[in-house]
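Please look over the structure shown here with attention to its sheets, the helices that pack on them and the places where helices meet one another. The briefing is arranged by topic for a reader who wishes to follow each element in the model.

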Amino acid sequence: MTDRHPTLRRFLTRQAAPIDANLVFLIEDIASACRAIGNTLRNAAFEGAQGSAGAVNVHREDQKKLDLIADDIIARSCENSPDLAALVSEEREAAHWLKTPETGDYLLFYDPLDGSSNIDVNISVGSIFSVARVAEDGDTDVLKPGTDQRCAAYALYGPTMMFVLSLGHGVHGFSCEYGTGDFRLTHPGMSIPEQTSEFAINASRQRFWPVPVRAYVDHCLAGETGPRGRDFNMRWTASMVADVHRILTRGGIFLYPADAENGQAGGKLRLLYEANPMAFLIEQAGGAATLGAERILPLLPESHHQRVPVVLGSAAEVARLAEYHAQ
Ligand code: P6P
């Protein structure tokens, strides 16, 4: 079994293109934090860790106790990683510098517990990670385009706890083995089907949608007798990691557009630690990720917590939506 399901460490240290040892250490520290978060979630009800923390984050969103616990677990697990210079967290206003850019190579952007509104109703949630290198010139500017990412990953705390990772050479899924707690390779080379008949969007926001999105969804809903000539299915878990994992596994298109209500803020999802890592993973799996028409990854961020519209998934459907925007 070891050979068919190598551990994360064996996988990382057996790559054809050798990975910087300090990046391997950082990825292992991230995976250890995810394992600890998964265990904490499992026992949250017994430890009084559910419910609101009675505070709001930088986005004025209600913070769950577990948002703060997960953020603390990640920071403590990674802060001694040999080459990690700074942390940028959804739960913290500013970058947290651990070393100077001259003494550390990596930046870690993360959403410690994405979809946390689902925790108290026991629906899958996740953690999202993006790793980039500090600027060559020692600048402390962390606003780097998603094309600069060295790797992206997420943990999915579902029926199986999984860690899904890309280092720029495909996407690989690791399942946490009950008993040993090891993350072992179970989904090598994840690939998104180009075609799909499944879309994911929060349909309660229909009245706010821009015209191209409204038209796209209406055409899907018209089914076999409509312009698409086939029936579509819809899924929406309100947990980006769960929706993205479903799409990586069986295809689909995920849409969170900027709309009449959230448009002033740029949309809902955050560029640095949600859109960029997920776009990296989706593209590495053969899918596409746009702001509606333009590709997400080249976008130069304007602020740590910048929000952007997100469309990602099966390439043919993402391209079709871009055509609707062009019309
Ligand atoms: P809505 C969770 O809060 C999140 O950031 C993503 O995980 C998810 O895709 C989206 O927001 C859900 O948004 O409007 O359905 O609550």
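What follows describes two sheets, their packed helices and a few individual residues.

The model is predicted. One open sheet has 8 strands in the order S4-S3-S5-S6-S7-S8-S9-S10, with mixed pairing, and another open sheet has 5 strands in the order S12-S11-S13-S17-S15, also with mixed pairing. Helices H2 and H3 pack on the sheet of 8 strands, whereas helix H7 packs on the sheet of 5 strands.

**The sheet of 8 strands**

- In the order S4-S3-S5-S6-S7-S8-S9-S10, the edges are taken by strand S4 (96-97) and strand S10 (183-187), each of which has a single partner strand, so that one side of each is left without a neighbour in the sheet.
- Strand S3 (residues 84-89) is joined to S5 by 5 bridges in the parallel sense, and within this stretch of the sheet Val-88 stands opposite Phe-109 in S5.
- S5 is also joined to strand S6 (residues 125-133), here by 7 bridges and in an antiparallel arrangement, with Tyr-106 standing opposite Arg-133 in S6.
- Strand S5 itself (residues 106-114) is largely enclosed by the rest of the structure, because 9 of its 9 residues are buried.
- Strand S7 (residues 149-157) pairs with strand S8 (residues 161-166) in the antiparallel sense, over 6 bridges, and Ala-153 stands opposite Leu-165 in S8.
- Helix H2 packs on this sheet and touches S3, S5, S6, S7, S8 and S10, its direction making about 155 degrees with that of S8.
- Helix H3 packs on the sheet as well, touching S3, S5 and S6, and its direction makes about 155 degrees with that of S5.

**The pair H2 and H3**

- Helix H2 (residues 21-42) packs against helix H3 (residues 65-78) at an angle of about 150 degrees, with the axes 9 Å apart; because angles over 145 degrees count as roughly antiparallel, H2 is described as roughly antiparallel to H3.
- The crossing in which H2 passes H3 is right-handed.
- On the H2 side the contact is made by Leu-26, Asp-29, Ile-30, Ser-32, Ala-33, Ala-36, Ile-37, Thr-40 and Leu-41, and on the H3 side by Leu-66, Ile-69, Ala-70, Ile-73, Ile-74, Ser-77 and Cys-78.
- Sorted by class, the residues of this contact of H2 with H3 comprise 12 nonpolar, 3 polar and 1 charged.

**The sheet of 5 strands**

- In the order S12-S11-S13-S17-S15, strand S12 (233-234) and strand S15 (288-290) stand at the edges with a single partner strand each, so one side of each is left without a neighbour in the sheet.
- S15 and strand S17 (residues 310-313) run antiparallel and are joined by 3 bridges, and Ala-288 stands opposite Gly-313 in S17.
- Helix H7 packs on this sheet, where it touches S13, S15 and S17, and its direction makes about 150 degrees with that of S17.

**The pair H4 and H7**

- Helix H4 (residues 211-221) and helix H7 (residues 315-326) have axes that come within 8 Å and cross at roughly 130 degrees, and the two helices are therefore oblique to each other.
- The crossing of H4 and H7 is right-handed.
- H4 contributes Pro-212, Val-213, Ala-215, Tyr-216 and His-219 to the contact, while H7 contributes Glu-317, Arg-320, Leu-321, Tyr-324 and His-325.
- By class, this contact of H4 with H7 holds 6 nonpolar, 2 polar and 2 charged residues.

**Helix H6 and the loop residue Asn-262**

- Helix H6 (residues 271-284) is mostly covered, with 12 of its 14 residues buried; among them are Leu-271, Leu-272, Tyr-273, Glu-274, Asn-276, Met-278 and Phe-280.
- After H6 comes Gly-286, which has a positive phi near 90 degrees.
- Asn-262 lies in the loop between strand S13 (253-256) and strand S14 (269-270), and at 10% relative accessibility Asn-262 counts as buried.
- Leaving out residues up to four places away in sequence, Asn-262 touches Arg-205, Tyr-256, Pro-257, Gly-267 and Lys-268.

Key: Residues are numbered from 1 along each chain as its sequence is written. This is a predicted model: local features need pLDDT of at least 70, side-chain atom pairs count only at pLDDT 80 or more; totals for chains, interfaces and linings use all residues. Side-chain values use heavy atoms; hydrogens and water are left out. Axes are lines fitted to C-alpha atoms, for helices over the stretch in contact, and angles run from 0 to 180 degrees between N-to-C directions. Helices (H or I, at least four residues) and strands (E, at least two) are DSSP runs, numbered from the N terminus. Angles under 35 degrees count as roughly parallel, over 145 as roughly antiparallel, 65 to 115 as roughly perpendicular and the rest as oblique. A crossing is left-handed if the near helix is turned anticlockwise from the far one by less than a right angle, and right-handed if clockwise. Contact means heavy atoms within 4.5 Å. Ala, Val, Leu, Ile, Met, Phe, Trp, Tyr, Cys and Pro count as nonpolar, Asp, Glu, Lys and Arg as charged, and the others, Gly among them, as polar. Buried means under 20% relative accessible area, exposed over 50%, partly exposed in between (1.4 Å probe, protein chains only). Two strands pair if DSSP finds at least two bridges between them.
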